[in-house]
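Trainee: I'm new to this one. Could you walk me through how to read it?

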Amino acid sequence: MPPTRREYLKRRCRQTDLNLHNAQVRLASIYKTVIVQHPELGPRLHALIGTIDGCRRALLLYYRGSFAGTEKGLWNSEDMDIILEQAQEVPDPHYEY
């Protein structure tokens, strides 16, 4: 039996949140790498990470309003801090270690 429109939208919300989370993780890694040599880019990258965090929060609010439930895998208020803490520097492919 094909999924209902409701199930389809719930699945798409979870997929969208996961993709936004992955984008945050990648930007945090770039932030950690770039901040050393180009500190002027730090505030811009941090703002982008914050914007994505806001999008994830809005998606959670949409999810709660549309489906009257909570999804444990969606946005959490501590996510951005955890992502920035766990970010690792991206190795430079042109630099030989």
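Mentor: Let's go through the helices, their crossings, the cores and one tyrosine, Y62. First, this is a predicted model, where local features need pLDDT of at least 70 and side-chain atom pairs count only at pLDDT 80 or more, while totals for chains, interfaces and linings use all residues. Residues are numbered from 1 along each chain as its sequence is written, and side-chain values use heavy atoms, with hydrogens and water left out.

Trainee: How many helices and strands does the protein chain have?

Mentor: Helices (H or I, at least four residues) and strands (E, at least two) are DSSP runs, numbered from the N terminus. Here the protein chain has three helices and zero strands, so from the N terminus the order reads α-α-α.

Trainee: How do α1 and α2 cross?

Mentor: You fit axes to C-alpha atoms, for helices over the stretch in contact, and take angles from 0 to 180 degrees between N-to-C directions. Under 35 degrees counts as roughly parallel, over 145 as roughly antiparallel, 65 to 115 as roughly perpendicular, and the rest as oblique. The axes of α1 and α2 come within 9 Å and cross at roughly 165°, which means the two helices are roughly antiparallel.

Trainee: Is that crossing left-handed or right-handed?

Mentor: A crossing is left-handed if the near helix is turned anticlockwise from the far one by less than a right angle, and right-handed if clockwise. α1 passes α2 in a left-handed crossing. As for residue classes, Ala, Val, Leu, Ile, Met, Phe, Trp, Tyr, Cys and Pro count as nonpolar, Asp, Glu, Lys and Arg as charged, and the others, Gly among them, as polar. The contact of α1 with α2 has 19 nonpolar, six polar and six charged residues.

Trainee: And which residues of α2 meet α3?

Mentor: Contact means heavy atoms within 4.5 Å. From α2 (residues 42-67), H46, I49, G50, D53 and R56 meet D79, M80 and L84 in α3. That contact has three nonpolar, two polar and three charged residues. The crossing of α2 and α3 is right-handed.

Trainee: At what angle do α1 and α3 cross?

Mentor: Their axes cross at roughly 45° and come within 8 Å, which makes α1 oblique to α3. This crossing is right-handed. On the α1 side the contact uses H21, Q24, V25, A28, Y31 and K32, and on the α3 side M80, I83, L84 and E85.

Trainee: Which residues make up the largest nonpolar core?

Mentor: A nonpolar core is a set of buried Ala, Val, Leu, Ile, Met, Phe, Trp, Tyr and Cys residues joined through side-chain atoms within 4.5 Å. Buried means under 20% relative accessible area, exposed over 50%, and partly exposed in between (1.4 Å probe, protein chains only). The largest core has ten residues: L27, A28, V34, L45, I49, I52, M80, I83, L84 and A87. α1 (5-37), α2 and α3 each supply at least two of them. A second, separate core of seven residues includes C13, L60, F67 and L74.

Trainee: What does L84 touch?

Mentor: Leaving out residues up to four places away in sequence, L84 touches A28, Y31, K32, H46 and I49.

Trainee: Is Y62 buried or exposed?

Mentor: Y62 counts as partly exposed, because its relative accessibility is 40%. Beyond its neighbours within four places in sequence, Y62 is in contact with L9 and C13. The C-alpha atoms of Y62 and C13 are separated by 8.9 Å, though the two are 49 residues apart along the chain.
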